[in-house]
Amino acid sequence: MKREIPLAITAIFGIFMVAQLFIPHYLVQDISGRLQDWAVVIVAFAYILGVANIIKINSGVICRRGQDWEYKIVMLIALVIMMLSGILLGKDPDDSLPIFDFMYNSMYVPMQSTMFALLAFFIASAAFRAFRARTTEAILLLVTATIVMIGRVSLGEFIWERLPDITEWIMNYPNNAGKRGIKIGASLGAISIGLKVILGIEKSYLGGD
Amino acid sequence: MKNVGRFRSLILFILMTFFLVLPPLYAQEEEGKNFKYEITRDIMKSLNESAEQGDIPENLVVALAPLQGKVFINEQAFRQELVGALGRQLSAQYQSRLVDMSKIRVDWFDMTKITIFIILIAFCGMVLFFSWKAKTDPNQFIRRIPGLDAISEAIGRCTEMGKPVLYVPGIDDMNNIQTIASMVILENVARVIGEYESDLIVPIRPPFVVPVAEEMVKKGYLDAGRPDAFKPENVRFISDEQFAYAAGVNGIMLREKPAANLLLGSFFAESLVIAETGVLAGAIQVAGTANEHQLPFFVAACDYTLIGEEIYAASAYLSKDPELVGSLKGSDWAKVVLSIIMLLGVVLETFGVHFLTEWFFIR
Amino acid sequence: MLEFLKYLDRRIIFIFIFLSTAIPLLFDIGLPIGSTKPVRDVYDHIEKLPPGSKVLVSCDYDPGSMPELFPMNIAVFKHLFDRGMKVYTTELWPAAPPLVENAWRETGGAMGKKYGTDFVNLGFKSGGEVVIVRMGTSIPELYPEDYYGTRISKIPMMEGIRDIQSFDFIMNISAGYPGTREWVQQIVSRYNMDLASGCTAVSAPEYYAYHQSGQILGLLGGMKSAAEYEKLTGIPSENPPIKARAMKGMDAQSMAHLVIVIFIIIGNVVYFLERKEQKDKR
């Protein structure tokens, strides 16, 4: 029964949610709305699960003085301060929150932006290593990539005013054709897995018997 | 297995009963409830146009605006609401006109979506037919997927070097099919790792994936006959924030130096940040995602890449279960049919025949 | 030399990338900025909406993608407030609400617009795609309060907002999942709503297909589009004081792209010289 009950729940709700797409009647739409509310509530609880996991794993490391235990203390303190400053101090549309806003704008934003900015460095080194004109296809890829790279920035317009239009054409036709091919294949694969999950053909994700 | 089959039939029976028997019963009991009254966005637009042309007073449209989108299942209540909103402006003639305009039949089937419904039924039918047919012929062919073969090779390398394997299941939640596919691969990976006696680290972004990943790794080790080798602290929730998660994964790569990184699931902008750090750490990398916009980064930075739907084929490929392999065949045939329809569409459009395109056009 | 270039230390590449982005940020180059069709489509659609239209801006991003998407958010807000629209915002990413607050203060707030009558922030709601689906059936049930904890029944501009169809236009600013793809799948295909997207450059190629098929009316892809939109909406402006962040960033991005192209060329020259050397040896 450990497997049958989850399979039954998956099947009933899965088929219902697919069917509600085609049934506009409010009886079905009302039930569907309730189910969506449940989903929103359940997902909100997942954050508690996440915080519990973080506290459990990191406090364990701190207690037994494991590797980098000092950093785990910093992390737990940061977690508590950020959470409490957001929850306890309230919000106002016209005023800013000194502590929360200070931490958000002066610490959180630069750290996140730095991580994203790393992409620029990594793209450059990956392009230098990987972009080699080994075959005809690779040459085509190289030329197209160069046109798009230059055409998608102001420099392209500065060099030749038609370059952005050529870039748009590449994005709209060859790019779209390739993307659609992969997208159609991947979407059919996703529907197929979804169907197998709903009907219980694919059940290994449920774990042990 | 038989139990599951019986369960499936029972569930289908209950659902069919719900959708086929309940509607007519409900319709009989609640006569007149098959209509709703709603001033939709389109109605407001046409009223606005009429007001601009001077057919109806402009303040009538303004007074009606708060009612837009509100659904009434009773004509009386709707009329009362109209009188309440419009007061003296509302003559009997306007009232009847508005009621007629807003009266919408509530059907048990949305005919505008018939195209999607037919395609969905046909596709599901094909998948189920081929997976049923495969039961009678267990020797189903499935083409080689080098990326999946490379996983064992990568795990072997880790064992030789005495280093752990890092498995990154993407950054999406369990409602993404790619994450489900990734969990299935994780179980197989955990089994092989259990056999090779290596360590497996699984960093996770969405909290909901944590218990599923724990269960998968536990089952993999159990299947390999080494349940004691499962370390719960190796399935780690890092952060729900995309780049905090990427930073956490990079930290693991640089501190714990895994010899193999398996990046399988749904990835976004963090893909290259993670994959390039893997290159820097000198690990062998196998990646796979159906998010086509991230594929170029994986192709550039990883040793093997599973492209698009290959990640969905992994479960069938690794388990060789005929039913699963058969379902792959079903979706491949559906792709063939779709390709033929697309080609036909191109030819017909070229010659100015539009019926096929129009049939598929939903908007 | 060939050996040096072949095994070029990645840190040298990093230094060049750093300099190519830092120098243009310090000194103005002022490269030209035009406007492409997907960007003009967004602009023209907002121009056509009558003043007072209800526009939902779903800001689904976080500080990670802020350099690309925040200037877009500012430019879109400025355009909407300039045109006298009622702006409603929702966020599906947990770290997004403070960014939206900052954007509101810099645009609507500085333009003298009032919270509650011209702008409302409904805040973050967990659940991703499910939240989008639920907006299709009921917004008051999904968002009983706004971001600041005020009951929506007490917010004047929430009157008449029943579900997603109460809006005249939706603008989605998206950094990934949940984002534009989910808005198209769950809202455009179900309710035939008018949607436009602003997204990071890396995900823009994916959404070109939606723009071509008409499922999204316009597309702002990355910092280049943000710069184009800034120009169209009169940014930089003095009243309210708004800086042209994306235009400034474009100079830096242009130089960085140029450096990457130069390195690709160097890599290929080295590759061909090496191949020639191997052939000669044989």
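Trainee: How many helices and strands are there in chain A, and what makes a stretch count as a helix?

Mentor: In this predicted model, chain A contains 7 helices and 0 strands, and the pattern along its sequence reads α-α-α-α-α-α-α. A helix needs a run of at least four residues, so each of the 7 helices of chain A meets that minimum.

Trainee: What radius of gyration does chain A have, set against a compact globule of 209 residues?

Mentor: The globule rule takes 2.2 Å times the number of residues to the power 0.38, and for 209 residues this comes to near 17 Å, but chain A has 26 Å. Chain A therefore does not have the radius that the rule gives for a compact globule. Along its principal axes, the C-alpha trace of chain A spans about 60 × 50 × 45 Å.

Trainee: What share of the residues of chain A counts as buried?

Mentor: The share is 29% of the 209 residues of chain A, and a residue enters that share if 20 or more other C-beta atoms lie within 10 Å of its own.

Trainee: How do you know whether B:Leu262 is buried or exposed?

Mentor: B:Leu262 is among the residues with the most contacts inside the largest nonpolar core, which has 209 residues. A core of this kind admits buried residues, so B:Leu262 must be buried. Helix H4 (residues 98-130) of chain A supplies the largest share of this core, 13 residues. A second, separate core of 5 residues includes B:Tyr37, B:Phe78, B:Leu82 and B:Leu98.

Trainee: With which residues is B:Leu262 in contact, leaving aside its neighbours within four places in sequence?

Mentor: The partners are B:Ile151, B:Ala154, B:Val165, B:Leu166, B:Tyr167, B:Val168, B:Val189 and B:Val286. Two residues are in contact if their C-beta atoms lie within 7 Å, so each of these partners has its C-beta atom within that distance of the C-beta atom of B:Leu262.

Trainee: How many residues does the contact take from chain B and from chain A?

Mentor: The contact takes 63 residues from chain B and 56 residues from chain A. On the side of chain B that touches chain A, helix H1 (residues 2-29) of chain B gives the largest share, 8 residues, and the residues of that side divide into 41 nonpolar, 6 polar and 16 charged.

Trainee: And how does the side of chain C that touches chain B divide?

Mentor: That contact takes 23 residues from chain C and 20 residues from chain B, and the residues on the chain C side are 5 nonpolar, 12 polar and 6 charged.

Definitions and conventions
Residues numbered from 1 in each chain as written. Chains lettered and ligands numbered in written order. Predicted model: local features only at pLDDT ≥ 70, side-chain atom pairs only at ≥ 80, totals over all residues. Nonpolar A, V, L, I, M, F, W, Y, C, P; charged D, E, K, R; others polar. Helix = DSSP H or I, 4+ residues; strand = E, 2+ residues; numbered from the N terminus. Buried ≥ 20, exposed ≤ 12 C-beta atoms within 10 Å, placed from the backbone. Core = buried A, V, L, I, M, F, W, Y, C linked by C-beta atoms within 7 Å.
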